[in-house]
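User: I am new to reading protein structures and would like to go through one carefully. Could we take it step by step, with the reasoning behind each answer?

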Amino acid sequence: MDFIEIGEARYDTQELINVAASSLFELGINGINSIDIHAPSNCITVGFDNVEDANIVHAIARSEPISNSKHFKCSDAVGFLFALNSVLNSWEGDQ
């Protein structure tokens with residue numbers, strides 16, 4: 001089984017997918033078709049129902065969206081999860 005290490009903890013791919021999905025849902029991004037995290041290369045790919053949700057996730061990651069694409073891909077899954085957590089924490093603080 002593949003793991004990604006964050007600090008001294010090891011997380012398997014399913015744990016990280018669950019974290020990403022629940023964080024996106026908490027932000028109101030519900031049109032998720034698929035989430036794939038490839039631990040050995042630290043990549044994440046997310047498929048959405050619509051372009052708007054994909055663009056929001058690109059904004060969270062501070063990456064340029066692909067024109068009219070319903071997909072988000074990042075070569076730094078851990079960095080994206082930290083960015084997502086940061087946005088979620090600041091959003092919850094505004095509530």
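User: In which strand does Lys-73 lie, and is Lys-73 buried or exposed?

Analyst: Please keep in mind that this is a predicted model. Lys-73 belongs to strand β5, and its contacts, leaving aside residues up to four places away in sequence, are with Ile-44 and Thr-45. To class a residue as exposed, its relative accessible area has to be over 50%. The relative accessibility of Lys-73 is 61%, so this residue of strand β5 counts as exposed.

User: How far apart are the C-alpha atoms of Lys-73 and Ile-35?

Analyst: Along the chain, Lys-73 and Ile-35 are 38 residues apart. In space, the separation of their C-alpha atoms is 9.9 Å.

User: Which element gives the largest share of the largest nonpolar core?

Analyst: The largest nonpolar core has 26 residues, and those with the most contacts inside it are Ile-35, Ile-37, Ile-44, Phe-48, Phe-72 and Phe-80. The elements that give two or more residues to this core are α1, β3, β4, α2, β5 and α3. In soluble globular proteins, nonpolar side chains tend to be buried together. The largest share of this core, six residues, comes from α3.

User: Which residues does Ile-44 touch, not counting residues up to four places away in sequence?

Analyst: Ile-44 is one of the residues with the most contacts inside the largest nonpolar core. Once residues up to four places away in sequence are set aside, Ile-44 touches Ala-20, Ile-35, Asp-36, Ile-37, Phe-72, Lys-73, Cys-74, Ala-77 and Phe-80.

User: Why are the buried residues of α1 on the same side of the helix?

Analyst: The buried residues in α1 are Thr-13, Leu-16, Ile-17, Ala-20, Ala-21, Ser-23 and Leu-24. An α-helix has 3.6 residues a turn, so residues three or four places apart point the same way. The buried residues of α1 are on the same side because they cover an arc around the axis of only 165°.

User: What caps the N-terminal end of α1, and how far apart are the end C-alpha atoms of α1?

Analyst: The cap at the N-terminal end of α1 is Asp-12, which has a side-chain oxygen 3.0 Å from the backbone nitrogen of Gln-14. As for the span, the 14 residues of α1 should cover 20 Å at 1.5 Å a residue, and this agrees with the distance between its end C-alpha atoms, which is 20 Å.

User: Where does Asn-42 lie, and what is its phi?

Analyst: The strands β3 and β4 pair in the antiparallel sense over six bridges, and their hairpin has four residues between the strands. Asn-42 is placed in the loop between β3 and β4. Most residues other than glycine have a negative phi, and most peptide bonds are trans. Asn-42 is not a glycine, yet it has a positive phi of about 60°.

User: Is Asn-68 buried or exposed?

Analyst: Asn-68 is found in the loop between α2 and β5, and its phi is near 55°, a positive value in a residue other than glycine. At a relative accessibility of 66%, Asn-68 therefore counts as exposed.

User: With which side chain does the side chain of His-58 make a polar contact?

Analyst: His-58 lies in helix α2, and with a relative accessible area of 4% it is buried. Not counting residues up to four places away in sequence, its contacts are Ser-63, Glu-64, Pro-65, Ile-66, His-71 and Phe-72. The polar contact of its side chain, at 2.9 Å, is with the side chain of Ser-63.

Conventions:
Residues are numbered from 1 along each chain as its sequence is written. This is a predicted model: local features need pLDDT of at least 70, side-chain atom pairs count only at pLDDT 80 or more; totals for chains, interfaces and linings use all residues. Side-chain values use heavy atoms; hydrogens and water are left out. A nonpolar core is a set of buried Ala, Val, Leu, Ile, Met, Phe, Trp, Tyr and Cys residues joined through side-chain atoms within 4.5 Å. Buried means under 20% relative accessible area, exposed over 50%, partly exposed in between (1.4 Å probe, protein chains only). Contact means heavy atoms within 4.5 Å. The expected span of a helix is 1.5 Å times one less than its number of residues. The arc is that of the directions from the helix axis to the C-beta atoms. A polar contact is a pair of N or O atoms within 3.5 Å; within protein, one must be able to donate a hydrogen and the other to accept it, and residues adjacent in sequence count only if both atoms are side-chain atoms. Two strands pair if DSSP finds at least two bridges between them.
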